[in-house]
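The following exercises ask the reader to examine one chain step by step. Each task is followed by a worked solution.

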Amino acid sequence: MSMSSLVLMTFCFHHAAAASAAACSKHCYCSESDGGGKTVRCSNRQLTAIPQDIPNDTRRVYLDFNLLTSIPANAFAGLSRLAELDLSHNDISQLQPGAFRGLSSSLQFLDLSANKLVHFTADSFEGLRARANLTDNPWHCDCDLQMAMPRVDLEPVSLTGIVCQTSDPEEMSVQGLAFLLEPDIDLCVVTKRTTDVAMLVVMFGWFAMVISYLVYYVRANQEDARRHLEYLKSLPSRQAKSEESSTISTVV
């Protein structure tokens with residue numbers, strides 16, 4: 001092999017490597033995925049925000065073991081081919097509504113394990129049909145969570161990863177339980193009771209107002225009736241006086 005050929009091959013190799021690096025996020029390492037697209041590895045890079053330069057043809061993203069605390073809305077917009085997303089082992093405590101918007105048709109697996117998620121909201125998983133790992137989070141189980149779970153499209157097995165660390169009301173004793181597997185527990189019972197009491201108070205208030213109006217109406221009508229009766233009683237007396245005056249005039 002001639003020297004010129006070797007130099008040309010070396011140049012082409014470095015050019016391809018540079019082009020590959022340019023097509024990848026500057027914080028991450030990229031490789032080609034099986035079946036096309038890229039695998040972007042950003043693990044353990046001390047990241048505090050989602051990189052904005054992830055290639056659009058990415059199929060897998062690994063952002064585990066970083067310092068992420070929140071996933072904003074539209075964080076992965078433009079990654080329409082993304083099939084796997086690993087956000088495990090971060091400090092994520094908030095998933096904003098629409099955090100995974102745009103991934104509903106492609107995402108197959110979402111890993112949110114080992115984070116600091118407390119509250120479960122359906123709007124955060126807008127349209128997702130993926131299988132999700134939600135284990136090892138300090139979930140707070142309350143009526144809001146109970147109402148939100150039926151509103152998500154995640155694979156049902158995903159919700160078994162929600163194990164209650166705290167609960168409201170506390171006396172329900174669901175700590176350490178996978179809430180989805182406890183169908184007899186109703187965390188909205190206190191809310192329902194409170195609502196029932198409020199409805200009773202409102203109904204009693206309206207009833208009292210109606211009774212007060214009826215009493216006023218009856219009393220007012222009694223007074224009118226009494227005056228009318230007195231007026232009617234006075235009519236014969238006036239008629240008699242008129243007749244008496246007429247008789248006296250005739251005699252005279």
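**Exercise 1. The chain as a whole**

What percentage of the 252 residues of the chain count as buried?

*Solution.* Begin with the nature of the model. The model is predicted, and local features need pLDDT of at least 70, side-chain atom pairs count only at pLDDT 80 or more, and totals for chains, interfaces and linings use all residues. Residues are numbered from 1 along each chain as its sequence is written, and side-chain values use heavy atoms, with hydrogens and water left out.

Next, apply the cut-offs: buried means under 20% relative accessible area, exposed over 50%, and partly exposed in between (1.4 Å probe, protein chains only). By this criterion, 32% of the 252 residues of the chain are buried.

Finally, consider the surface. The accessible surface, obtained with the Shrake-Rupley method and a 1.4 Å probe, amounts to about 15900 Å² for the chain, and 58% of this belongs to carbon and sulfur atoms.

**Exercise 2. Secondary structure and sheet**

State how many helices and strands the chain has, and give the strand order of the open sheet of six strands.

*Solution.* Step 1: helices (H or I, at least four residues) and strands (E, at least two) are DSSP runs, numbered from the N terminus. The chain has three helices and ten strands. Along the sequence they follow the pattern α-β-β-β-β-β-β-β-β-β-α-β-α.

Step 2: two strands pair if DSSP finds at least two bridges between them. The open sheet of six strands runs in the order β1-β2-β3-β5-β7-β8, and its pairing is mixed. Its edge strands are β1 and β8 (131-133), each of which pairs on one side only.

Step 3: examine one pair. Strands of a sheet pair through backbone hydrogen bonds, either parallel or antiparallel. Here β3 and β5 (residues 84-86) pair in the parallel sense over three bridges, and Val61 stands opposite Leu85 in β5.

**Exercise 3. Disulfides**

How many disulfides does a search of the whole structure find?

*Solution.* Step 1: a disulfide is a pair of cysteine sulfur atoms within 2.5 Å. The search finds four disulfides. With bonded cysteines counted along the chain, they follow the pattern 1-3, 2-4, 5-7, 6-8.

Step 2: take the link of Cys24 and Cys30, with an S to S distance of 1.7 Å. This link is right-handed, with 80 degrees about the S-S bond. Cys24 counts as buried because its relative accessibility is 9%, and Cys30 counts as buried because its relative accessibility is 12%.

Step 3: turn to Cys28 and Cys42, joined at an S to S distance of 1.9 Å. Cys28 is in the loop between α1 (3-22) and β1 (29-32), whereas Cys42 is in the loop between β2 (38-41) and β3 (58-62), so that the pair links distant parts of the chain, 14 residues apart. Both Cys28 and Cys42 are buried.

Step 4: a disulfide also joins Cys143 to Cys188, with 2.0 Å from S to S. Cys143 belongs to helix α2 (residues 143-148) and Cys188 to the loop between β10 (164-167) and α3 (189-251), so the pair ties together parts that are 45 residues apart in sequence. Both cysteines, Cys143 and Cys188, are buried.

**Exercise 4. Three residues and their surroundings**

Is Asn66 buried or exposed? Which residues does Gly36 touch, and with which side chain does the side chain of His140 make a polar contact?

*Solution.* Step 1: Asn66 is in the loop between β3 and β4 (70-71). Asn66 counts as buried because its relative accessibility is 4%. A polar atom of its side chain lies 3.0 Å from the backbone oxygen of Leu63.

Step 2: contact means heavy atoms within 4.5 Å. Not counting residues up to four places away in sequence, Gly36 touches Arg59 and Arg81. Gly36 is located in the loop between β1 and β2 and is partly exposed, with a relative accessible area of 28%.

Step 3: a polar contact is a pair of N or O atoms within 3.5 Å; within protein, one must be able to donate a hydrogen and the other to accept it, and residues adjacent in sequence count only if both atoms are side-chain atoms. The side chain of His140 makes such a contact with the side chain of Thr166, at 2.7 Å. His140 lies in strand β9 (residues 139-141) and is buried, with a relative accessible area of 16%.
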